[in-house]
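The following account leads the reader through one protein chain, beginning with a single helix and widening to the whole. Please keep the sequence and the model in view while reading.

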Amino acid sequence: MELIEHYQPEFVVRFAALAAPCQCPACQNGEQGWPRISVKMKNQQRESLDMRCETAAREMLLNPQAFILHTTEGEAQSEEMLSEWSETLSQHCINLAIHPALTPQLSLYAIGVLLSKAQQYQDGGECDPALIAAMGEQLATLAEQGVLAEQFTLLPPVVENRLAALKAMGQMRLNLNLPLAEKMGIALKLSELAIVQPTRLAERLTELEAIAANLPLFAEQPHILRNALIYQLYNDVFPGIRCANYGEALLALAERFFRINMLCAIRSEQGALTADDVVLLLSALAGWQQQNPFVGRAEHTPDHSLLCGLSLL
Ligand SMILES: [Zn+2]
């Protein structure tokens, strides 16, 4: 029997070592094995946790070391092969997410540039993983030189896309584990987004973006947002094991981060945003996204979706 590598990030190890089982609402309804997740492939396996569990979300988000990987060997539990192309692309996306010269926002931008190139190669019938590796390394160098940050500021702002994304957040129903009055307050602020006049929506976007850009918590603990990004990349084997539309993958990822930023800004209007608030928000968001998965628009080309994604950063 051939053995493959099983990866276990630090947050999964720490969760497993907790003395008492988690009693969060999701765990009280959890089935056997919950909240463990295994992303099984024929040539590697990734252990993880479902973020609907608050303790799992806390371990993943708040520990700067959460993504130190522990590797063991085990048997393959799936026939699904992760191609060398997808593995290289996934690895370089993660490299850009943890690049010390990049903020999470710039990491997302760099990932977008990498995916745009990967899409061109793929559409042109080129599938040599060395092409991806070369592009990933080039982007890492540009990041060090500050060139990516410069290029990012030159992106034309497409405020319409962000307005539409904010308005769509009016449909979100979050099962937040907060005191009722605070939970209702957030629900009202969200549902308002779906019904306000366009001028008021635009004002709201400006307000929330200004708050989100200056949240003291993220300046003090930059690993929180970075961990949230790495989690998504790691769990989804981003952009995906069989992904053919990299633009859509980027759009889904960017949309998620747009929502995280807006939710954190909305919550901070009730009082200074704490690390625990982010845990509850991301956990509730994970629950909502489980019920409302991203749906791509068939009429959009990958390039169009990719540009939409970049405009949400
Ligand atoms: Zn739990």
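**Helix H9 and its surroundings**

The buried residues of helix H9 are covered by elements that include helix H8 (159-168), helix H10 (198-213) and H13. The model in which this packing is seen is a predicted one. Helix H9 comprises residues 180-195, and its 16 residues reach 23 Å from the first C-alpha to the last, close to the 22 Å expected at 1.5 Å a residue. Buried positions in H9 are Ile-186, Lys-189 and Leu-193. They cover an arc of only 60° around the axis, which puts them on the same side of H9. The other side of H9 carries Leu-180, Ala-181, Met-184, Leu-188 and Ile-195, which are exposed.

**The chain as a whole**

How is the chain divided into domains? The domain assignment gives domain 1 (3-75), domain 2 (84-152) and domain 3 (156-311). Between the C-alpha centres of domain 1 and domain 2 the distance is 27 Å. In secondary structure, the protein chain has 15 helices and four strands.

The overall dimensions may be considered next. The C-alpha trace spans about 55 × 50 × 35 Å along its principal axes. A compact globule of 313 residues would have a radius of gyration near 20 Å, and the value for the protein chain, 20 Å, agrees with this. Of the 313 residues, 38% count as buried. Among contacts between residues at least 6 apart in sequence, 78% join residues at least 24 apart.

**The strands**

Strand E1 (residues 3-9) pairs with two other strands, as the following bridges show. Seven bridges join E1 to strand E4 (residues 69-75), and these two strands run antiparallel. Within this pairing, Ile-4 has Gly-74 in E4 as its bridge partner. With strand E3 (residues 44-49), E1 forms three bridges, and here the strands run parallel. Glu-5 stands opposite Gln-44 in E3, and Tyr-7 stands opposite Arg-46 in E3. In a regular strand the side chains alternate between the two faces of the sheet.

Strand E3 also pairs with E2, in the antiparallel sense and over five bridges. Ile-37 has Ser-48 in E3 as its bridge partner. The connection between E2 and E3 is a hairpin of three residues.

Ahead of E2 lies a cis peptide bond, which joins Trp-34 and Pro-35 and has an omega of about 0°. Pro-35 is placed in the loop between helix H2 (25-28) and strand E2 (36-40).

**Helix H6 and its two faces**

Helix H6 can be read in the manner of H9. At 1.5 Å a residue, the 16 residues of H6 should span 22 Å, and the end C-alpha atoms are 23 Å apart, which agrees. Which residues of H6 are buried? They are Ile-132, Met-135, Gly-136, Leu-139 and Ala-143. Seen down the axis of H6, these buried residues fall within an arc of 100°, so they line one face of the helix. Packed against them are helix H4 (84-97), helix H5 (104-123) and helix H7 (147-153). The face of H6 turned away from the buried side carries the exposed residues Ala-130, Glu-137 and Thr-141.

Gln-138, which also belongs to helix H6 (residues 129-144), is partly exposed, with 13 other C-beta atoms within 10 Å. The C-alpha atom of Gln-138 is separated by 9.7 Å from that of Leu-114, which is 24 residues away along the chain. Just after H6, Gly-146 takes a positive phi of about 80°.

**The loop between H12 and H13**

The final stop is the loop between helix H12 (223-235) and helix H13 (246-268), where Pro-239 is placed. A cis peptide bond joins Phe-238 and Pro-239, with an omega of about 5°. Val-237 lies in this loop between H12 and H13 as well. Although Val-237 is not a glycine, its phi is positive, at about 45°. Is Val-237 buried or exposed? Val-237 has 22 other C-beta atoms within 10 Å and is therefore buried, the threshold being 20 or more. Helix H13, at the end of this loop, is among the elements that cover the buried residues of H9, which returns the reader to the starting point.

Definitions and conventions: Residues numbered from 1 in each chain as written. Predicted model: local features only at pLDDT ≥ 70, side-chain atom pairs only at ≥ 80, totals over all residues. Domains from an automatic or database assignment. Rg over C-alpha atoms; globule rule 2.2 N^0.38 Å. Buried ≥ 20, exposed ≤ 12 C-beta atoms within 10 Å, placed from the backbone. Contact = placed C-beta atoms within 7 Å. Pairing = 2+ DSSP bridges. Expected span 1.5 Å × (residues − 1). Arc of directions from axis to C-beta.
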